[in-house]
Amino acid sequence: MRMRTTAVAALAVALSAVLAAPAVAAPGGSGAGTGDDTGDHRAAHRAMRAAVAAGVPGATATAKDRRGTWAATAGVGDLRTERKRSPHDRYRVGSITKTFVATVLLQLEAEGKLSLDDTVDTWLPGLVTGHGHDGTRITLRQLLNHTSGIFNYTADEDFGRTYFLKDGFFEHRYDTLAPEDLVRVALAHEPDFEPGTDWNYSNTNYVLAGMVIEAATGRPYGEEVRRRIVDPLHLTATSVPGTRTTVPGPSSRAYSRLTQDGTGPTHDVTRLNPSLAHSAGEMISDSKDLNRFYRALLTGRLLPREQLNAMTTTVSVDSAHGYGLGLMKTTLSCGVTVWGHGGGIHGSLSEAVTTRNGRHSLAFNFNGDWAGDTGAVIEAEFCGD
């Protein structure tokens with residue numbers, strides 16, 4: 001299954017290239033990785049440089065394995081000054097936010113504060129209704145594994161023109177949208193299918209999940225993410241920006257074509273109000289923090305065994321890919337299975353994956369959204385010798 005990360009679909013915090021068909025891995029090598037094309041990570045570095053050659057302004061990546069930590073960059077972080085990207089860059093992580101949100105909901109279940117078998121209507125009474133949507137028939141589990149059938153609000157054509165294409169973006173980039181506004185867009189459409197009968201990636205599911213966290217705790221979902229995950233793991237580069245339009249430093253600029261076909265001039269889209277993504281994709285982090293988060297998650301530091309087992313129980317997407325609860329499973333061409341998530345938002349494509357035992361992790365970012373093959377970088381890191 002190939003899902004291109006260009007135009008409205010990708011800019012709309014879409015399902016990223018982790019669910020893409022495996023790409024051909026770049027040539028590999030052996031030895032200690034240093035980011036200079038010597039060592040186990042040189043295939044990944046070549047794949048990063050190939051993405052830059054294909055049009056991505058710059059890439060930054062960090063991997064951790066039994067030999068230690070490796071970091072590398074390619075291309076530039078600022079097209080005007082030609083400043084290089086940094087391994088320490090913070091960036092918008094898009095739908096990687098979903099794993100944080102799912103983790104909080106599973107923690108709340110472990111504490112007995114809710115059940116994944118609760119209906120959406122139990123926590124958000126009367127909200128999910130209209131055009132065939134019925135929150136009394138949709139469970140929290142179905143939100144988290146994208147089997148709810150609720151329409152994806154970022155697939156709405158008017159929403160796409162308003163927030164993802166050039167004219168609309170520059171007029172509305174600083175708009176503040178409430179989560180209820182995003183849900184309302186989705187409910188103007190019919191459901192994709194009856195709850196529990198199929199799978200389809202919908203950002204609306206995770207907007208609702210964030211709202212459930214707030215209903216169950218009485219606190220903003222971002223505060224729960226911070227106190228339950230960010231602070232305990234000392235994720236010093238990770239934040240939930242809310243309506244803050246800037247990315248904290250150190251960081252690079254973010255670029256987009258803001259067209260449906262990914263052609264045309266390049267625009268600086270670094271500044272925007274991320275409330276259009278809310279709990280489906282607004283977070284900011286860096287590669288080191290993302291590796292630490294996914295290692296901690298997969299090795300049981302954040303969830304009891306019952307909840308982690310639930311999170312890693314997947315719905316089949318195709319022969320190589322499955323989706324759990326805010327967590328993607330991908331079997332690569334060499335037979336290695338990685339777990340994690342990817343995310344796309346204006347000017348930023350990110351991936352973070354780790355092996356099930358947490359011993360080999362990779363996180364990286366492209367600061368352009370119209371070119372480059374993120375799947376090739378993952379394949380190169382884990383399958384490139």
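Reader: Which element gives the most to the lining of the largest pocket?
Author: This is a predicted model, where local features need pLDDT of at least 70 and side-chain atom pairs count only at pLDDT 80 or more, while totals for chains, interfaces and linings use all residues. Residues are numbered from 1 along each chain as its sequence is written, and side-chain values use heavy atoms, leaving out hydrogens and water. Elements giving two or more residues to this lining are E1, E2 and H11 (DSSP runs numbered from the N terminus: helices are H or I of at least four residues, strands E of at least two). With 5 residues, the top contributor is H11.

Reader: Which residues lie nearest the centre of the largest pocket?
Author: A pocket here is an open set of points on a 1 Å grid over the protein atoms alone, where a 1.4 Å probe fits, with protein on both sides within 12 Å along at least five of seven lines; lining residues have an atom within 4 Å of a point. This one is lined by 16 residues. Nearest its centre are Thr 62, Asp 286, Lys 288, Asp 289 and Arg 292.

Reader: Lovely! Now the sheet: which are its edge strands?
Author: Its 8 strands run in the order E2-E1-E14-E13-E12-E11-E10-E9, open and antiparallel (strands pair if DSSP finds at least two bridges between them). Pairing on one side only marks the edges, E2 (68–75) and E9 (315–318).

Reader: And what is the bridge partner of Leu 349 in E14?
Author: Strands E13 (residues 348–355) and E14 (residues 361–366) run antiparallel, joined by 6 bridges. In E14, Leu 349 is partnered by Phe 366.
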